[in-house]
Amino acid sequence: MFQDIRKKGSSLLITLMFAAIIVTFVISFGPGDKAGCSSTQNNAGTVNGEVITMSEFRFAYSNLFDYYQRFVGNFNNEMAKQMGLSDRALNGLIGEILVAQEAERLGFKVSDQEVSDEIVKNPYFQKNGSFDKEAYDNMVKFTLNTTVAAYEHRVRMQLLARKLRTYLTDNITVSDTEAKDEFIAANEKIEAKVYVFSDSNLKAEKKQELLAAITDDDAAAFLKDNESKAKLTFEDNVSKYSKGEGKTDFESVKNDVAKDLLLAPKLEEKTKADSAKLLAMLKENPELPAEEITNAMADWNISAQDISVTRKSTFAAGIGFSPKFIEKLFSDPKTGLQDEVFTTEENRSVITNITKHSVADMADFEQSKANLKASLANAKKGQIYESYVEKLKAKATIVVNKEFLKLFEGSEK
C-alpha cells in the first residue's frame with residue numbers, strides 16, 4: 001500500500017517511551033483487520049467482532065506501565081494491580097475501536113495518504129529523524145506480531161477515532177466564571193489538626209483480641225447464609241489469604257474469610273465509640289496533652305496530624321481519598337474543633353480542629369486565567385469523550401478473554 005515510503009535499510013533501536021507517544025499508542029497500537037472476527041480464545045477480546053490480540057494488549061499494557069513509572073515514584077507490579085492497570089489498558093483499546101467503528105458508520109473517511117503520513121512521522125519507526133522502513137517492518141512483525149496490512153488497518157482506525165473525537169470536542173469553551181471558580185477551588189486553603197481512627201492504626205494485639213472472640217461456630221453460622229459473600233471477598237483478596245504453597249482455594253481458608261467479615265462490624269463499632277470518646281475529651285479540654293490522649297486511647301496508635309487541603313483536594317494525608325471530608329470542611333470553615341466525628345468513604349473516623357482558613361488571593365487570577373481555561377477545556381473534552389465511549393459500549397458486543405487476563409496478571413514480571 002505504501003510504495004511511496006522510501007526504504008532506508010537500517011534498524012531502529014527502541015529505547016525511550018515518551019509520554020506523548022504513550023498517550024497515542026496505549027490505545028491504538030496493534031494488529032487486527034476487518035476480517036479479524038474470531039473467538040477470544042487466542043485473543044485478549046473482541047469489539048463488535050474486531051479482534052484485540054494478545055500482542056496488542058501486551059504492548060498497550062507495557063506502554064501504560066512505562067508511563068506510570070515515569071510519573072509515579074517506585075511504581076511496580078503490585079501498584080499496577082491495585083489500580084487495575086490491565087483493565088485500563090484493555091478499556092483504552094476497546095474505547096478506541098468503538099469510536100473508530102462509529103466514525104466509519106457516520107461517514108468519516110481516512111485516505112491512504114493520511115495513514116502513510118501517520119506512520120512516517122511515528123518516532124518508533126525513525127532513525128536520525130527520518131522514517132526507517134526496515135525498523136517499521138521489524139517492529140510490526142516481531143514486536144506487534146502482526147502483518148503490515150493489519151497494522152495499517154489499525155492506524156486507519158486510530159485516525160478515524162481521532163477525527164470523531166475532534167468533531168465532538170473541538171468547540172469546547174470555558175467561561176471566565178468557570179476559570180474563576182477553578183482558581184478559588186485550587187487556592188482556598190484549610191489547615192487543620194486531625195485524629196484519624198482506622199483499622200490500620202488499631203494496635204495489632206487489640207485487633208487479635210477482637211478476632212479471637214469470634215469462634216469457629218460463629219464462622220460456620222455466618223457461612224451458612226453468606227458463603228457467596230465470603231467467596232467474593234476471597235476472590236478480591238486472594239493474596240491476603242494465600243498460604244504461600246501453591247494455589248490457595250476458597251475451601252481451605254473460608255473460615256478465616258468468614259471471621260474477617262464478622263470482625264469488620266466489631267472494628268467499626270469500636271472505631272465509632274473510641275473516636276466519640278476522644279472528641280468529648282477534646283471538647284472538655286481543647287489543649288489536652290498528648291500523653292493523656294495516648295493513655296486514654298491505649299488500644300490505638302493515635303496522635304495529632306497536621307493537614308493542609310484546598311477546596312479542590314480529594315485526598316488528605318493520613319485520611320486518604322475523601323471528597324466528602326473536603327466538602328464538609330469547606331461547607332463551614334470556621335476555626336476550632338468540629339462538633340462531630342466525620343466518617344470518610346473508607347470508614348475512617350476523623351476528629352478535626354481547623355487551625356487556619358485562607359481565602360484565594362484573586363490578585364493572581366488574571367495571570368493564571370489562560371492556563372486555567374486551557375486545563376478546564378481539556379478536562380471537559382475528556383469527560384465528553386468518556387461519556388461518548390460509555391454510550392457506545394452499552395450498544396456494543398464486547399467479549400473479554402478473562403482467563404488470558406488472569407494468566408497475564410499472574411505472569412507479570
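**Reading a predicted model, from one residue outwards**

Modeller: Let us begin with a single residue of this predicted model: if we leave aside the neighbours within four places in sequence, A219 is in contact with N255, A258, K259 and L262.

Colleague: Where in the secondary structure does A219 sit, and is A219 buried or exposed?

Modeller: A219 has its place in helix 10, which covers residues 216-236. A residue counts as buried when its relative accessible area is under 20%, and A219, with a relative accessible area of 0%, is therefore buried.

Colleague: How far apart are A219 and K254, in sequence and in space?

Modeller: The two are separated by 35 residues along the sequence, while their C-alpha atoms lie 8.7 Å apart in space. For the protein as a whole, if we take the contacts between residues at least 6 apart in sequence, 74% of them join residues at least 24 apart.

Colleague: How should I check the length of a helix such as helix 12, and why does its span agree with what is expected?

Modeller: One multiplies 1.5 Å by one less than the number of residues. Helix 12 runs over residues 250-284 and has 35 residues, so it should span 51 Å, and the 49 Å between its end C-alpha atoms agrees with this.

Colleague: What else can be read from helix 12, at D256 and at its N-terminal end?

Modeller: At D256 the helix bends by about 30°. Its N-terminal end is capped by D249, which has a side-chain oxygen 3.2 Å from the backbone nitrogen of E251.

Colleague: Turning to strands, which way do the side chains of strand 2 point?

Modeller: The general idea is that side chains in a regular strand alternate between the two faces of the sheet. In strand 2, residues 50-53, E50 and I52 point one way, whereas V51 and T53 point the other way, and all of them are buried.

Colleague: How is strand 2 joined to strand 1?

Modeller: Strand 1, residues 43-47, runs antiparallel to strand 2 and is joined to it by 4 bridges, one of which pairs N43 with T53. The two strands form a hairpin with 2 residues between them, and in the turn N48 has a positive phi of about 50°.

Colleague: Which strand pairs with strand 5 over 9 bridges?

Modeller: That is strand 11, residues 349-358, in the antiparallel sense, with Y195 and I351 as bridge partners. Strand 5, residues 189-197, is also joined by 6 bridges to strand 6, residues 305-310, again running antiparallel, and here I190 has V309 as its bridge partner.

How values were computed
Residues numbered from 1 in each chain as written. Predicted model: local features only at pLDDT ≥ 70, side-chain atom pairs only at ≥ 80, totals over all residues. Heavy atoms only, no water. Contact = heavy atoms within 4.5 Å. Bend = angle between axes of the 7 residues up to and from the residue. Polar contact = N/O pair within 3.5 Å; in protein donor to acceptor, adjacent residues only side chain to side chain. Pairing = 2+ DSSP bridges. Buried < 20%, exposed > 50% of the residue type's maximum accessible area, 1.4 Å probe, protein only.
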